[in-house]
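User: I am new to this structure and would like a close look at a single part of it, namely how its strands are paired. Please explain the terms as you go, and then follow whatever links lead outward from there.

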Amino acid sequence: MGERHERLLLVSTNYAPEQAGIGPYATQLAEHWTRERHAEVHVLAGLPHYPAWRLDPAYRHVWRTVDERAGVLVHRRRHTVPPRQTALRRALYEATILGHGLLAPPRMGRPDAVLAQVPSLAGGLLAARLARRHRAPFLPIVQDLMGAAAAQSGIRGGGRAASAASAVERRVLRAATLVGIIHESFRPRVAALGVPGDRIRLVPNWSHVAGPATPRAAVRARLGWPQTQTVLLHSGNMGLKQGLEVLIGAAREAPEIRVVLMGEGSQRERLRALAAGLPNVEFLPPAPEADFPDVLAAADALVVTQRATVLDMSVPSKLTSYFTAGRPVIASVADAGGTAQEVRASDAGWLVPPEHPAALAAAARELAADPAAADAIGARGADYARTRLGRAAGLARIDALLDEALTRPRRQPAPPAAHATEEQPR
């Protein structure tokens, strides 16, 4: 490895060993900087808990620690982990992330730049504060819009929290040197939060998993899925905003179809209760990382669902993995949102109205009626992932964002914040 010339700080509540959501993107980015830029890379992260919303048992007694993973120094801070989502519990989660990060920022030299993975409001505030303290460029990457999320997701008390979350987002994003967004559908809302258009850059997520390597028939046999039965698979977080009740309804509409929900989340047990007595609904734990691409590819269709109210707040990270698997996507989502835009751009699936079980079941029957056409549709998704969502291209876009920020004239910083206590690793 060559001489290290940069010191970079990434603030991301989620990080490896988490395999879902934004954790893999944060991990691959930090490791890329260590390997390709020969940088000294630090990550300020929480304790592993997503998507199960349960603390990883390996960290049960950890309060504050530093892990070294693939040359990256990961500074972990304890925080609450709410097993069920309400606005109050989410606020406590964010508050403990913020409080512990302020009390014990990473022990490191002055960073050349500070990046943050946002949706965590606390993470964005921490990153902005640390960048201001060190007079370093601040670069938030907007993966989600929490103000919109609070209003749209159906979390209890979310309406009351929306304006407060938007106010924090406005403060964080306006303090940025440049702002990265993962999808064009985010641009109007980020601009509405007061970010000038000339400081917004598109940095789409990439496909962070490998393609399938095992024959589909062998994987289906191992999973107990009959070769002749159409399997719809949803993989990932089972939360409120996903509106996964539509899949239970589709299973009732089409008893010949097998519906598989693979993953964890706050709504898992409620969904199990809704599916009681339905022999064609199956719940699986998250697949091991090495098996994940093969399990996705073994399904006949991969399903992404969102509540009808979810419009421009997020684009599910699972889509990149779905496309890579080479199977058709059925998207039960609002037609005007970013998820629908991606499915149309890829030409790799069906768009059906959200919260409409009969429409979802009809799409499943349509793909079952013409397996060759379904294979061709899935192949278009794999082509889209290969040509548009490659890891190297995605990382290069963030490198370009970082390089631009490092050479951009510095904005006059606000007065530095009061000194916080350094960590004592243990």
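Analyst: Two strands are said to pair if DSSP finds at least two bridges between them, and the elements themselves are DSSP runs numbered from the N terminus, helices being H or I runs of at least four residues and strands E runs of at least two. The model is a predicted one, in which local features need pLDDT of at least 70 and side-chain atom pairs count only at pLDDT 80 or more, while totals for chains, interfaces and linings use all residues. Residues are numbered from 1 along each chain as its sequence is written, and side-chain values use heavy atoms, with hydrogens and water left out.

Strand 2 is joined to strand 4 (residues 72-77) by 4 bridges, and the two run parallel; valine 43 stands opposite valine 74 of strand 4. In general, the strands of a sheet pair through backbone hydrogen bonds, in either a parallel or an antiparallel way. Here 8 strands make up an open sheet with mixed pairing, in the order 3-4-2-1-5-6-7-8. Its edges are strand 3 (64-69) and strand 8 (200-202), each of which pairs on one side only, and from one strand to the next the twist averages 20°.

Helix 3 (residues 121-134) lies across strand 1 (7-11), strand 2, strand 5 (113-118) and strand 6, and runs at about 170° to strand 5. That angle is taken between N-to-C directions on a scale from 0 to 180 degrees, the axes being lines fitted to C-alpha atoms, for helices over the stretch in contact, where contact means heavy atoms within 4.5 Å.

The loops beside these strands lead to salt bridges, each defined as a side-chain nitrogen of Lys or Arg within 4 Å of a carboxyl oxygen of Asp or Glu; by this rule the count comes to 21. In one of them arginine 37 is joined to aspartate 399, with the closest N and O atoms 3.4 Å apart. This pair links distant parts of the chain, since arginine 37 sits in the loop between helix 1 (23-36) and strand 2 (40-45), whereas aspartate 399 belongs to helix 15 (residues 391-407), 362 residues apart. Both arginine 37 and aspartate 399 are buried, a word that stands for under 20% relative accessible area, with exposed meaning over 50% and partly exposed in between (1.4 Å probe, protein chains only). Arg37 and Asp399 are also linked with Glu6 and Asp403 in a network of salt bridges.

A further salt bridge brings together the side chains of lysine 241 and aspartate 144, at 3.4 Å from N to O. Lysine 241 lies in the loop between strand 9 (231-235) and helix 8 (245-253), and aspartate 144 in the loop between strand 6 (138-142) and helix 4 (146-152), 97 residues apart. Lysine 241 counts as partly exposed because its relative accessibility is 23%, whereas aspartate 144, at 10%, counts as buried. The C-alpha atoms of aspartate 144 and histidine 183 are separated by 9.9 Å, although the two are 39 residues apart along the chain.

Farther along the chain, the side chains of arginine 327 and aspartate 375 meet in a salt bridge of 2.9 Å, N to O. Here arginine 327 is in the loop between helix 11 (318-325) and strand 13 (329-332), and aspartate 375 is in helix 14 (residues 371-388), 48 residues apart. Arginine 327 counts as buried because its relative accessibility is 6%, while aspartate 375, at 37%, counts as partly exposed.
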